[in-house]
Amino acid sequence: MQDYKKLIVWQKAHALSLMIYKVTEIFPKEELYGLVSQIRRATVSIATNIAEGTGRNSNQDFSRFLHIAYGSSSEVEYLLMLSSELKYVPLDIANKLNSDIIEIKKMLASLQKKLKTVH
């Protein structure tokens, strides 16, 4: 068991959540219970699953939660693309956030691979 706050991937996922909350504040009000809610939940799910996985008793359980976090990352990646194409997010901000998501996905995959070699 480890402190999730010390994991760089969790720190990046948490920072992404904060940015997504900030960016979605400017979305149209009619998207509040649609796209805004979905992209926020998916983004928070990344950091949440990393945190929950560190509290599990085995590397196998932790790896399963990382897998879920990876899926949520892919969901955010798509929702961000959609938001950008709908002109809700400026292209430069969408590109920066997309780079962050890709980095998080790579880190999650790397951590999963490391966990598999440990046991």
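Here is a chat between a biologist and a modeller about this predicted model.

Biologist: Let's begin with the helices: at what angle do the axes of α1 and α2 cross?

Modeller: Two packed helices are described by the angle between their axes and the distance between the axes. For α1 and α2, the axes come within 9 Å. Anything over 145 degrees counts as roughly antiparallel, and α1 and α2 are therefore roughly antiparallel to each other. The crossing angle is roughly 165 degrees.

Biologist: Which residues of α2 does α1 meet?

Modeller: On the α1 side, the residues involved are Val9, Trp10, Ala13, His14, Leu16, Ser17, Ile20, Tyr21 and Thr24. α1 passes α2 in a left-handed crossing, by the way. Over in α2, the partners are Val36, Ile39, Arg40, Thr43, Val44, Ile46, Ala47, Ile50 and Ala51.

Biologist: And α2 with α3: are they roughly parallel or roughly antiparallel?

Modeller: Their axes come within 8 Å and cross at roughly 160 degrees. The cut-off for antiparallel is over 145 degrees. So α2 and α3 are roughly antiparallel.

Biologist: Is the crossing of α3 past α4 left-handed or right-handed?

Modeller: α3 and α4 pack with their axes 9 Å apart, at an angle of about 165 degrees. That makes α3 and α4 roughly antiparallel to each other. As for the hand of the crossing where α3 passes α4, it is left-handed.

Biologist: Now the inside. Which element gives the largest share of the largest nonpolar core?

Modeller: That core has 31 residues, and Ile46, Ile50 and Leu108 touch the most other members. The elements giving two or more residues to this core are α1, α2, α3 and α4. The largest share is 8 residues, and it comes from α2.

Biologist: You mentioned Ile50; what is isoleucine 50 in contact with, leaving aside its neighbours within four places in sequence?

Modeller: Isoleucine 50 is one of the core residues that touch the most other members. Its list of contacts includes Leu108, which is also one of those core residues. The full set for isoleucine 50 is Tyr4, Leu7, Val9, Trp10, Ala13, Phe62, Leu66, Ala69 and Leu108.

Biologist: Tyr4 and Trp10 are both in that list. What kind of aromatic pair do tyrosine 4 and tryptophan 10 form?

Modeller: There are 2 aromatic pairs in the structure. In this one, the rings are 5.1 Å apart centre to centre, with 70 degrees between the planes. Tryptophan 10 counts as buried at 12% relative accessibility, while tyrosine 4 counts as partly exposed at 27%. Planes over 60 degrees apart count as edge-to-face, so the pair of tyrosine 4 and tryptophan 10 is edge-to-face.

Biologist: How many residues apart in sequence are the parts tied together by phenylalanine 27 and tyrosine 88?

Modeller: This aromatic pair is tilted, with 5.2 Å between centres and 50 degrees between the planes. Phenylalanine 27 is buried at 5% relative accessibility, and tyrosine 88 is buried too, at 18%. Phenylalanine 27 sits in the loop between α1 and α2 and tyrosine 88 in the loop between α3 and α4, so the parts they tie together are 61 residues apart in sequence.

Biologist: What is the phi of lysine 87 near?

Modeller: Lysine 87 is in the loop between α3 (59–85) and α4 (91–118). With 71% relative accessibility, lysine 87 counts as exposed. Most residues other than glycine have a negative phi. In lysine 87 the value is positive, near 70 degrees.

Biologist: Serine 63 is in helix α3; is serine 63 buried or exposed?

Modeller: Not counting residues up to four places away in sequence, serine 63 touches Gln112, Leu115 and Lys116. Its relative accessibility is 9%, and the cut-off for the inside is under 20%. Serine 63 therefore counts as buried.

Biologist: And what is the relative accessible area of lysine 106?

Modeller: Lysine 106 lies in helix α4. From isoleucine 39, lysine 106 is 67 residues away in sequence and 20 Å away in space, C-alpha to C-alpha. Lysine 106 is exposed, because its relative accessible area is 60%.

Key: Residues are numbered from 1 along each chain as its sequence is written. This is a predicted model: local features need pLDDT of at least 70, side-chain atom pairs count only at pLDDT 80 or more; totals for chains, interfaces and linings use all residues. Side-chain values use heavy atoms; hydrogens and water are left out. Helices (H or I, at least four residues) and strands (E, at least two) are DSSP runs, numbered from the N terminus. Buried means under 20% relative accessible area, exposed over 50%, partly exposed in between (1.4 Å probe, protein chains only). Rings of Phe, Tyr and Trp (its six-membered ring) pair if their centres lie within 6.5 Å; planes under 30 degrees apart count as stacked, over 60 as edge-to-face and the rest as tilted. A nonpolar core is a set of buried Ala, Val, Leu, Ile, Met, Phe, Trp, Tyr and Cys residues joined through side-chain atoms within 4.5 Å. Contact means heavy atoms within 4.5 Å. Axes are lines fitted to C-alpha atoms, for helices over the stretch in contact, and angles run from 0 to 180 degrees between N-to-C directions. Angles under 35 degrees count as roughly parallel, over 145 as roughly antiparallel, 65 to 115 as roughly perpendicular and the rest as oblique. A crossing is left-handed if the near helix is turned anticlockwise from the far one by less than a right angle, and right-handed if clockwise.
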